[in-house]
Amino acid sequence: MIKKQNKVYRASIYLRLSKEDGDVTTGSKNESNSISNQKSLIMDYLKDKPEIQVVSIREDDGYSGVDFNRPSFQLMLEDVQKGTIDCIIVKDLSRFGRNYIEAGRYLEKLFPTLGVRFIAVNDNYDSLNVDTAHDVVMPFKNLINDSYCRDLSVKIRSHLAVKRKNGEFIGAFACYGYLKDTENKNQLVIDTYAGSVVQDIFRMKINGYSQYRIANILNEQGILSPMEYKRSIGVRFETSFKVNPKALWSAKAVSRILTNEVYTGVLIQGKQTTPNHKVKVRQAVEEKDWVRVENAHPAIIDRRLYEIVQTLMERDTRTSPKNDAVFPLSGLLFCGDCGRPMVRKTTTYSAKKLEKGLPGQKYSYFVCQGQSNDKECSWHRIREKDLLDAVLHSVNLHIRDVLDTEKALRDIDSVPTVQFLVQKRERHIEKKEAELQKAEKLKAGIYEDLKDGLLDKPEYLKLKREFDKRIEDAEDSIRAIKKEIADLQDNHTEYYAWMEYFKEFGELEELSRWAAAITINRILVFEDNRIKIIFNFEDAFGQAKELLQTLESDREA
C-alpha cells in the first residue's frame, strides 16, 4: 500500500479472548483481565501516533479465533464498508484470528482492496510500512496460529472424552429437573421443585393422560415451562424450540421429558459432534458410539417406572372424546389369537325398555381390531364387566403372592441371600468361560486345517465368522453377569425393590388405571373368552420365587 503523507486514520481497536485462553471475567467490569491488558498495550503504542484517531473499540470476549463470525468483528467490518474506519489495530495476529485461510484472505486481499491499514503491535506489523520480510513471515505466523488452534482443539476433545467416560456432565446447561452442583459443575444434583414436576408428569402418563393433556394441566396450574423456569432462576438459556414470547408447556416438551433417560440416573453424552475445529455444523453420532454411564447422578424416576412409561407410549392409550380419563386397561388389551389390540365398543340395549319409551342400558364390550377392521381374525368379543372382574381378581391374587414372597424373603437373612445369588451367577460365568475357551480352541483348530489344506479359504472364513460370533457373545454375557454381581454386592437391598410398588395396593376393591399400569404388561383375550395376564416384573418375580424355594430347602436340610 502506498503511504499517504499527513493522512489521519480513523481506527478501530479490536480485542479478542477465547474461553480456551484462560482468563475469566472478574470484578464489576464486563471484560476479562486479558482484554484489559490488550487494550492497555495498544493505547501505549498509540501515544506517539497522533495520525491515528481511535473511533471505536470492538471486543469479542469468549469467542474462538477459528470462526470469524464474531459479533464485534462483524460490526467492525460494517464500519469498514461504511467508511467509518480505515485502520484496524490488534495486539497480535492471534487476536485477529487463528484460521490460516480466512486471516490471509482479510490481510492480503480484502483490507488492501478497501484501503484499510492493519497493525499488529506485538508482531511489529504495519501494512503501511510493510516490507518483503514481513510478506514472507506473515503467512507463517498465521499458519502457526492456525496449528495452535488445531492442537488445542485435539487436546480439548480428548479431555472432554475422558470426562464423559468418567460420568462427568460437560453440557452447558443441566436438563429440567437437575442443577449443576455449586461445588462441582460436572456433577448433576436434583432440583427439588423441578424434579417434583418431572415426577408428576410421569405419574400423569401412567394414569393415562396424553402428552397434550399433561401440557394443558401444567399450563393451567401456572407451572413454568423448562425455558421460563430456567430464566426465573437466573440461567441464561436460549433454545430453538421457543415459538411464543412466553414459552408454554407443549406436548413435545412433555414427550422430551418422558423419553429422557437422564431421569433414571443414566448420563448419555456424545450424541453429536463436529467434524473438526473449523466446521461448527453439528452432526449426529451413531447410538452405539454414545457415551453411557449408569448411576452418574441421583435418579428422579425409578428405572422400572421409566420402562413402564416407554411401553405405554408405544401403545394406543387415547381417551374418548367425551372423557378426560382413560379406560383402566387402555393400551393393555390384545387379541390372544392374532396379537392385535382389542377395541372398546359401546352400544345401547334393552328392547323392553325401549318399547316403554325408557332409556336403554349401555353395554360395553371389546372386540379384536383385526376382526373389526379387515376381518383377518375370527369373531370374538368379551364384555367389559366380565373382563374387569376377572382382571381385578387375578391382580389381587398376584399382589397377594408377591407380598407373601417379599415377606418370606425379608424374614430370611439377607447376607446368605446375596451370597446365593452371587454364587449362582458365578456358576453361570464358569459355563460361559468354558464356552469361550472351546470356541477359541476351535477357531485355532480351523486355522491349522487351513494351513494343512483340509479347508479352503471360503470355508475357513465362514467358520471363522461363526466362531468369532460365539466368542463375542460369550464375552458379552460374561461382562453382563459380572455387572449383575457387582450391583448385587454394592446395593443388594435394591434387588427386589420393585416389590415395594405392590405394597401400596393391598386388596383392591376396584381396578384403577395406576394399579393396572404398574402391575400389568399386557392382557391376552382368546376366542373362547379365555384370558391370560402377563404381569410386569415377571422375570424378577420368577427369580424371587426360585430363590425362596432354594433357601427354604437349604434351611430345612
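Two strands count as paired if DSSP finds at least two bridges between them. In this predicted model, that criterion describes the surroundings of strand β3.

**Strand β3 and its neighbours**

Strand β3 covers residues 87–90. Strand β4 (residues 117–120) pairs with β3 in the parallel sense over four bridges, and R117 is the bridge partner of C87 in β4. Strand β1 (residues 9–17) also runs parallel to β3, the two being joined by three bridges. Here A11 stands opposite C87. C87 therefore has a partner in β4, namely R117, under the DSSP pairing rule.

In a regular strand, side chains alternate between the two faces of the sheet. Within β3, C87 and I89 point one way, while I88 and V90 point the other way. All four of these residues are buried.

**Salt bridges**

Side chains of opposite charge can pair when their charged atoms come close. The whole structure contains 28 salt bridges, and the table lists three of them, including the N to O distance of each.

| Basic residue | Acidic residue | N to O distance |
|---|---|---|
| K47 | D44 | 3.3 Å |
| R292 | E294 | 3.2 Å |
| K432 | E435 | 3.5 Å |

The partners vary in their accessibility. K47 counts as exposed because its relative accessibility is 69%, whereas D44, with a relative accessible area of 46%, is partly exposed. In the second pair, R292 is partly exposed at 41% relative accessibility, and E294 is likewise partly exposed at 35%.

The third pair belongs to helix α14 (residues 414–451), where K432 and E435 lie three residues apart, about one turn of the helix. Is K432 buried or exposed? K432 counts as buried, because its relative accessibility of 19% falls under the 20% cut-off. Its partner E435 is partly exposed, with a relative accessible area of 44%. Elsewhere, salt bridges that share partners join E261, R292, E294 and R303 into one network.

**A nonpolar surface patch**

Which residues make the nonpolar surface patch of about 210 Å²? The patch is made by M43, V54 and I57. M43 is found in helix α1, which spans residues 33–45. With a relative accessibility of 37%, M43 counts as partly exposed. M43 can therefore belong to a patch, since membership requires over 30% relative accessible area and no salt bridge.

Note on methods. Residues numbered from 1 in each chain as written. Predicted model: local features only at pLDDT ≥ 70, side-chain atom pairs only at ≥ 80, totals over all residues. Heavy atoms only, no water. Patch = residues over 30% accessible without salt bridge, like charges linked within 9 Å, V, L, I, M, F, W, Y side chains within 5 Å. Areas by Shrake-Rupley, 256 points an atom, 1.4 Å probe, with all protein chains shown as cover. Salt bridge = Lys/Arg side-chain N within 4 Å of Asp/Glu carboxyl O. Buried < 20%, exposed > 50% of the residue type's maximum accessible area, 1.4 Å probe, protein only.
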